[in-house]
Amino acid sequence: MTGEERLSLAEKRLGTYPRFSAVPGTENVSALLGAMGDPHKKMRYVHVAGTNGKGSTTSMIATALTAAGYRTGLYTSPSVERLTERVCIDMAEADSGDFASALDLAMDSADRKGISPAQFDLLTAAAFYLFEKSGCEIVCAEVGLGGRLDATNVIENTEVAVITSISADHVAQLGSDLGGIAREKCGILKGGCPVVVYPCQPQEAMNAICACAKAEKSELVMPDLAALTDEKPGAFGTEFVYRGVGYKLNMPGRHFVMNAITAIEAMKVLARRGLKLTDEHTVRGVAAAPLTGRLQTLLEDPVILADGAHNPDAAQKLCRAISELFGDRRIITVMGMYSDKDYVPCVEAVAELSDVFLATEPDGSRARSAVDIWSAARGRAKSAYICPSVRSAIVQAVSFRRPGDVIICCGSFGLAGAAKKALAKYGPYISQFTK
């Protein structure tokens, strides 16, 4: 049996466990890791919480640490195309067979010990086990949801914590009060570890972050916006200078520049704490960080981009980036979302920019119906249609396209992943068809 086949079986078994724990917290994952030899206690960590920007920020730091020669683990979520995207060692996806073995061990341990973990508990335990077995010295871990009660918060040896952009998401679990949300995110602060904070926080969130840092005796570090100069935005990336050092970022949109300078400050903290990170490593980290489902270029001719903007703040940032980069072009949007998201403001914001809006559904039982997406877009986009699948929506988008138009696939990481898969198969044909 191949590694991919073993992982497919492990994923099916994983699906028999609940998505969320009946009692949120780290008790189950702590017990699970204990049954697996406490691998998480043998490594150092960069821990990243926030509403938006966690993935890109975490990836930049991990890429720089790998460039500096450290054996580095990277743990992110959600998946866009494959489960192994979440678990990288030295920026390479975990081997399917190795991760299947770790995941099976986690599930066997839970069943044997009578532990009742959620799916994310199992994924986290499997990831930490695989990182330790692979000899990782330091792990860059992105929080799954919240912070204080998240499975990743079982870690202890945090070198630096990072709080990215705060806004409302997962309202059922975290509420809508930004101060309360920020306090939950700051639950990752422990042991007086320094905390680096995204520079453009809502004041209510920032007040809470400052209070939490003071209570935990954590040094609070903020990027210096006055030190950010010479920004040169482009459709496929951005150049900028920060603290006198030039950077090239392969992610378009100013919010990614804000994520980058947050990551840079975190790397400077790591260097002060004795890690051998230079400006050269930081430059490489910013430039080479993977870009999966974050304003990712799927095709350049025609221009087709994918973005997992699945909450109102992320949708607004996506709209600003589209306006800045493609303000003089017609926009064709393919959009679908999950039912547990605040979809109406997201759809309305993107539809306002859309000359043609194609409502569809990502794969899976959690998908919001295309009819609901279309209803929210109707009257805001210049024209709106319903498509039964992501593939059919992309074909339809190409048929509507005129020279110079831009196609945006957005609304969830699941939709971004489906668009990427469709274009991996049909992209060459589309490029030929549109010439």
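Two aromatic rings of Phe, Tyr or Trp count as a pair if their centres lie within 6.5 Å. The model shown in these close-ups is predicted.

**View 1. Ring pairs link four aromatic residues into a cluster.** The members are Y45, Y75, F120 and F128. A search of the whole structure finds five aromatic pairs. One of them joins Y75 and F128. Their ring centres are 6.0 Å apart, and the planes meet at 65°. That geometry is edge-to-face. Y75 belongs to strand β2, residues 72-75. F128 belongs to helix α5, residues 119-133. The two residues are 53 apart along the chain, so this pair links distant parts of the chain. Y75 is buried, at 1% relative accessibility. F128 is buried too, at 0%.

**View 2. A charged end sits over a ring.** The residues here are R366 and Y338. The charged end of R366 lies 4.2 Å from the centre of the Y338 ring.

**View 3. R13 meets two aspartates of helix α4.** Side chains of opposite charge can pair when their charged atoms come close. D108 and R13 form a salt bridge, with 2.8 Å from N to O. D108 lies in helix α4, residues 96-113, and R13 in helix α1, residues 3-14. This salt bridge therefore ties together parts that are 95 residues apart in sequence. D111 also forms a salt bridge with R13, and here the closest N and O atoms are 3.0 Å apart. D111 lies in helix α4, so its pairing with R13 in helix α1 spans 98 residues of sequence. The three side chains are partly exposed: D108 has a relative accessible area of 36%, R13 has 26%, and D111 has 46%.

**View 4. A salt bridge connects two loops.** The side chains of D340 and R19 meet at 3.5 Å, N to O. D340 lies in the loop between β14 (331-335) and α12 (343-352). R19 lies in the loop between α1 and α2 (27-35). The pair therefore ties together parts that are 321 residues apart in sequence. D340 is partly exposed, at 37% relative accessibility. R19 is partly exposed as well, at 39%. Elsewhere, salt bridges that share partners join R13, D104, D108 and D111 into one network. The structure holds 24 salt bridges.

**View 5. Three strands form an open sheet.** The order is β9-β10-β11, and the pairing is antiparallel. The edge strands are β9 (228-234) and β11 (245-249). Each of these edge strands pairs on one side only. The twist averages 10° from one strand to the next. Five bridges join β9 to β10, residues 237-242. In this pairing, P233 stands opposite T238 of β10.

**View 6. The cysteines form zero disulfides.** A disulfide needs two cysteine sulfur atoms within 2.5 Å. The sulfur of C88 is 10 Å from the closest cysteine sulfur, in C136, so that gap is too far for a bond. C88 is buried, at 8% relative accessibility. C210 is in no disulfide either. The nearest cysteine sulfur to that of C210 belongs to C186, 9.0 Å away. C210 is partly exposed, with a relative accessible area of 36%.

Conventions:
Residues are numbered from 1 along each chain as its sequence is written. This is a predicted model: local features need pLDDT of at least 70, side-chain atom pairs count only at pLDDT 80 or more; totals for chains, interfaces and linings use all residues. Side-chain values use heavy atoms; hydrogens and water are left out. Two strands pair if DSSP finds at least two bridges between them. Helices (H or I, at least four residues) and strands (E, at least two) are DSSP runs, numbered from the N terminus. Axes are lines fitted to C-alpha atoms, for helices over the stretch in contact, and angles run from 0 to 180 degrees between N-to-C directions. Buried means under 20% relative accessible area, exposed over 50%, partly exposed in between (1.4 Å probe, protein chains only). Rings of Phe, Tyr and Trp (its six-membered ring) pair if their centres lie within 6.5 Å; planes under 30 degrees apart count as stacked, over 60 as edge-to-face and the rest as tilted. A charge sits over a ring if NZ of Lys or CZ of Arg is within 6 Å of the ring centre and within 35 degrees of the ring normal. A salt bridge is a side-chain nitrogen of Lys or Arg within 4 Å of a carboxyl oxygen of Asp or Glu.
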